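The following exercises concern the strands and helices of a single chain. Please work through each task before reading its solution.

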Amino acid sequence: MTLKLAIAGAAGRMGRELAKIVHATEGCSLAGGLEAPGSPHVGADYGELIGEKKSGVVISDDAAKVIAAVDGIIDFTVPKATLSLIRQTRGKIHVIGTTGIDAAGDAEIAEAAKAATIVKTGNFSLGVNMLAALVKKAAAALGQDFDIEVLEMHHRMKIDAPSGTALLLGKAAADGREINLKEKSVRVRDGHTGARNAGDIGFATLRGGTVVGDHTVIFAGNGERLELRHVAESRELFARGAVKAALWAKGKKPGLYSMFDVLGLD
């Protein structure tokens, strides 16, 4: 049975990329597009918007109507929009690629997952999630003698920092060391900071140009340094991962899943 999917943020750069991948992927169909009220794209044919033939799928600003007509929704939007949608996706698949969600929002998503099948991650790239698995193993194996720093760079338009991917990688390192990332993360260094505290996991953020995503995890020891790196060259890889996650979620029980579950990395 074909999985009917809708895209939230339908007319954005990521929304259009997702729509193209859904349209081209066997086993699913592009069945809805959701935009914010007032968007100039409300009422547009989604097929024509992504450069395909007319599809009959009209972009809407009525979330309840769109969600009722599909099996699941893929959501790369902003925290406010995502938290509004999770209150309406009971009994549906909800794939969340939105970053910048705070702890209260994460708790709300976890509660919603009691009645919806939610796949949420900071990055849907298959390569990034494999990198996270390697980071976890390296952190466990190398131990406290190696300092860990996460360096990320994105395009000038990105509005949250550190990136969701950087936090995903930092958490993988913390999990490898069996520590709490919140207690050990260092987000800002400025002025007379003093020496680095043992066990800290540092983050450095760069913004500029049109960089899709560049992440490096550095393990710095005495006299040697290990760097694990991933470079994203196109948004298509995130879209493919998100669609893979939606197809994987079909038939799964309600719950909060990650790409580690999708890829069998846990």
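**Exercise 1.** In which sense do strand β4 and strand β5 pair, and over how many bridges?

*Solution.* This is a predicted model, in which local features need pLDDT of at least 70, side-chain atom pairs count only at pLDDT 80 or more, and totals for chains, interfaces and linings use all residues. Residues are numbered from 1 along each chain as its sequence is written, and side-chain values use heavy atoms, with hydrogens and water left out.

Step 1: locate the strands. Helices (H or I, at least four residues) and strands (E, at least two) are DSSP runs, numbered from the N terminus. Strand β4 covers residues 72-75 and strand β5 residues 93-96.

Step 2: examine the pairing, for which DSSP must find at least two bridges between two strands. β4 and β5 are joined by four bridges in the parallel sense. Asp-75, for instance, stands opposite Ile-96 in β5.

**Exercise 2.** Place these strands in their sheet and identify the strands at its edges.

*Solution.* Step 1: the open sheet has seven strands in the order β3-β2-β1-β4-β5-β6-β12, with parallel pairing.

Step 2: β3 (59-60) and β12 (255-257) each pair on one side only, which makes them the edge strands.

Step 3: add the helices, taking contact as heavy atoms within 4.5 Å. Axes are lines fitted to C-alpha atoms, for helices over the stretch in contact, and angles run from 0 to 180 degrees between N-to-C directions. Helix α1 (residues 13-24) lies across β1 (3-8), β2 (28-34) and β4, at about 165 degrees to β1. Helix α9 (residues 236-249) runs at about 155 degrees to β5 and lies across strands including β6 (117-120) and β12.

**Exercise 3.** Describe the five-stranded sheet and the helix α6 that lies across β7, β10 and β11.

*Solution.* Step 1: this open sheet has the order β8-β9-β7-β10-β11 and mixed pairing. Its edge strands are β8 (185-186) and β11 (225-232).

Step 2: β7 (residues 147-154) and β9 (residues 201-207) pair in the parallel sense over seven bridges. Within β9, Gly-202 is the bridge partner of Glu-149.

Step 3: helix α6 (residues 126-142) runs at about 170 degrees to β11.

**Exercise 4.** How do α6 and helix α7 pack?

*Solution.* Step 1: the axes of α6 and α7 (residues 164-177) are 7 Å apart, at an angle of about 30 degrees. The two helices are therefore roughly parallel, a term for angles under 35 degrees.

Step 2: Val-128 and Leu-131 are among the α6 residues in the contact, and Leu-168 and Ala-172 are among those of α7.

Conventions:
Angles under 35 degrees count as roughly parallel, over 145 as roughly antiparallel, 65 to 115 as roughly perpendicular and the rest as oblique.
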